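Please open the structure in your viewer and keep a selection tool at hand. The tour below moves from one selection to the next and says what is to be found at each stop.

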Amino acid sequence: MPLLWQQLAATPVGSIRYFHLGALAMLAIARPIQGIYFALWGRILPAAVAVVVHTILMTLSAMAWAGYWPDPIQNALYALLGIFAGACFFTALTEAPARRLMAMASPAVTTTFVLAFGQAIIAAGLNPISVYRAALAGDRQILLFALYRGAFSSGGGEEVLSMTRHEMYGALFIAACVSGMTIWSLRSALTRAVVVASQLITLALIATSLSRSVMIAVAITGMVAAAGLLGRIKVPIAVAALAGVAVLAFPLYAPALQQLVLDHFLDDTTSYEGRAGSWSAFSQPDIWNRLFFGGGPLTISTHTMVGDAALRGGLLAAVAAVVFCLTLIRRWFSALGLVMAGDSAAIGCAGALGIALVRCFTSGGGFLAFAQWQAIGMGIAFLLWRETSRRQSAIQTQVGAAE
């Protein structure tokens with residue numbers, strides 16, 4: 001999923017990229033537990049119905065305004081693939097060897113990304129060390145207009161810049177969350193150290209991504225982890241002490257990285273002003289036609305799922321988007337409840353659902369990207385698996401007591 005900038009072929013309905021081939025391969029070889037799909041859909045009701053309504057209204061609106069684009073259908077396919085990924089993940093969670101394999105998601109994805117992105121940077125004629133050194137010295141623009149634009153154009157064209165940066169680093173974070181949901185199954189301390197090291201590398205990469213939405217999702221997940229630690233999650237004293245020292249000493253050993261992030265959030269206000277001004281679209285003369293009959297391609301994006309659904313698909317499409325977002329918030333709180341009950345693996349679940357939730361309020365177009373649907377599917381699968389495991393444990397306890 002992080003190799004989104006690499007285009008394999010262009011078609012009339014969009015580019016073919018590596019993650020499309022990965023999805024086809026998953027469909028071809030995966031054999032999820034039978035009947036799991038309906039259970040997963042049941043866990044995200046009424047969001048499942050809202051996605052159907054949203055897709056129909058957005059498609060009809062696009063066709064009616066003679067500006068048909070594949071986004072609504074593509075979004076529905078991504079949703080189905082997300083549920084399929086969730087079914088595969090649920091199946092993996094039921095088997096110890098598969099859980100250990102899934103725990104290696106972060107090392108595998110991070111290594112692949114670093115190698116591929118490094119090659120793309122070199123292909124663009126850039127020196128990554130020099131670029132990052134300049135960025136850490138305070139030049140944020142060199143990341144956006146030299147590093148990312150150069151690397152992306154070497155594989156997929158500059159037009160992917162606006163969304164690729166957020167989605168590819170979000171995919172890295174999702175891989176780290178998958179490892180977080182399954183790392184407890186690893187028996188070797190060395191293997192766990194490798195996974196944790198890859199997660200820390202992912203956090204460092206995200207810090208240089210200049211993607212506010214991904215960094216916000218990371219920060220929210222960090223707060224969830226902190227709440228769990230203050231609650232009932234038990235962590236060895238040595239690990240807790242080392243983690244505390246690492247966090248407290250961060251300004252000392254990484255002041256340049258910290259300053260880069262703070263400057264991006266506090267000083268670069270152009271994006272905030274643009275997003276605030278985008279809501280002026282609801283004062284345009286054609287707004288009533290858009291709200292009741294839908295509209296053509298967006299001239300101004302609110303960078304929210306609900307706002308852009310209203311501008312593209314009309315008021316009912318916006319209501320469907322609201323239902324979807326509220327359902328996602330509810331499931332995120334379910335993950336938070338598990339964390340507060342002492343389930344450390346649920347931190348990864350909260351992170352996966354959190355990145356999708358944050359993108360609902362920060363990405364434009366009225367749709368979610370492929371990576372977010374994968375995160376939703378796997379996050380819901382984890383919640384269902386935990387619920388199933390608790391139910392089975394309760395039944396076994398009752399049987400034992402009866403005997």
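Begin by selecting Arg-359, which has a relative accessibility of 5% and therefore counts as buried, the cut-off for that class being under 20% relative accessible area. Please keep in mind throughout that this is a predicted model. Next add Glu-167 to the selection, a residue that at 3% relative accessibility also falls into the buried class. Show both side chains and you will find that Arg-359 and Glu-167 meet in a salt bridge, with a distance of 2.8 Å from N to O. If you now colour the chain by helix, Arg-359 appears in helix α19, which covers residues 346-360, while Glu-167 sits in helix α9, which covers residues 161-182, so that the pair links distant parts of the chain that lie 192 residues apart.

For the second stop, select Glu-387 together with Arg-43, whose side chains meet in a salt bridge of 2.9 Å, again taken from N to O. Glu-387 belongs to helix α20 and Arg-43 to helix α2, residues 36-43, and the pair therefore ties together parts that are 344 residues apart in sequence. Are these two residues buried, exposed or partly exposed? Glu-387 is partly exposed, with a relative accessible area of 26%, and Arg-43, at 23% relative accessibility, counts as partly exposed as well.

Keep Glu-387 selected and add Arg-391, because the side chains of Glu-387 and Arg-391 also meet in a salt bridge, here at 2.8 Å from N to O, and Arg-391 counts as partly exposed at 41% relative accessibility. Both residues of this second pair lie in helix α20, where they are four residues apart, or about one turn of the helix. With the three side chains displayed together, you have a network of salt bridges that links Arg-43, Glu-387 and Arg-391. A search of the whole structure finds six salt bridges, should you wish to look for the others.

The third stop is an empty space. Rolling a probe the size of a water molecule over the atoms shows where such space is left. The count here comes to one cavity of 30 Å³ or more, and the volume of the largest cavity is about 50 Å³. To see its lining, select Ile-44, Ala-47, Phe-324, Thr-327, Leu-328, Arg-331, Ile-376 and Ile-380. Which helix supplies the largest share of this lining? It is α18, with four residues; α18, residues 315-340, and α20, residues 370-402, each supply at least two residues of the lining. Colouring the lining by residue class divides it into six nonpolar residues, one polar residue and one charged residue.

Finally, clear the selection and display the whole chain, whose secondary structure comes to 20 helices and two strands. Of its 403 residues, 49% count as buried. If you draw the contacts with a separation of 6 or more, 73% of them are accounted for by residues 24 or more positions apart. A surface representation completes the tour: the accessible surface of the chain comes to about 19,100 Å², and 70% of this area belongs to carbon and sulfur atoms.

Terms used. Residues are numbered from 1 along each chain as its sequence is written. This is a predicted model: local features need pLDDT of at least 70, side-chain atom pairs count only at pLDDT 80 or more; totals for chains, interfaces and linings use all residues. Side-chain values use heavy atoms; hydrogens and water are left out. On a 1 Å grid over the protein atoms alone, a cavity is a set of points where a 1.4 Å probe fits but cannot get out, and a pocket is an open set with protein on both sides within 12 Å along at least five of seven lines; lining residues have an atom within 4 Å of a point. Grid points are joined across faces, edges and corners, and a volume is the space filled by probe spheres set on the points. Ala, Val, Leu, Ile, Met, Phe, Trp, Tyr, Cys and Pro count as nonpolar, Asp, Glu, Lys and Arg as charged, and the others, Gly among them, as polar. A salt bridge is a side-chain nitrogen of Lys or Arg within 4 Å of a carboxyl oxygen of Asp or Glu. Buried means under 20% relative accessible area, exposed over 50%, partly exposed in between (1.4 Å probe, protein chains only). Contact means heavy atoms within 4.5 Å. Accessible areas come from the Shrake-Rupley method with a 1.4 Å probe; for residues, only the protein chains shown count as cover.
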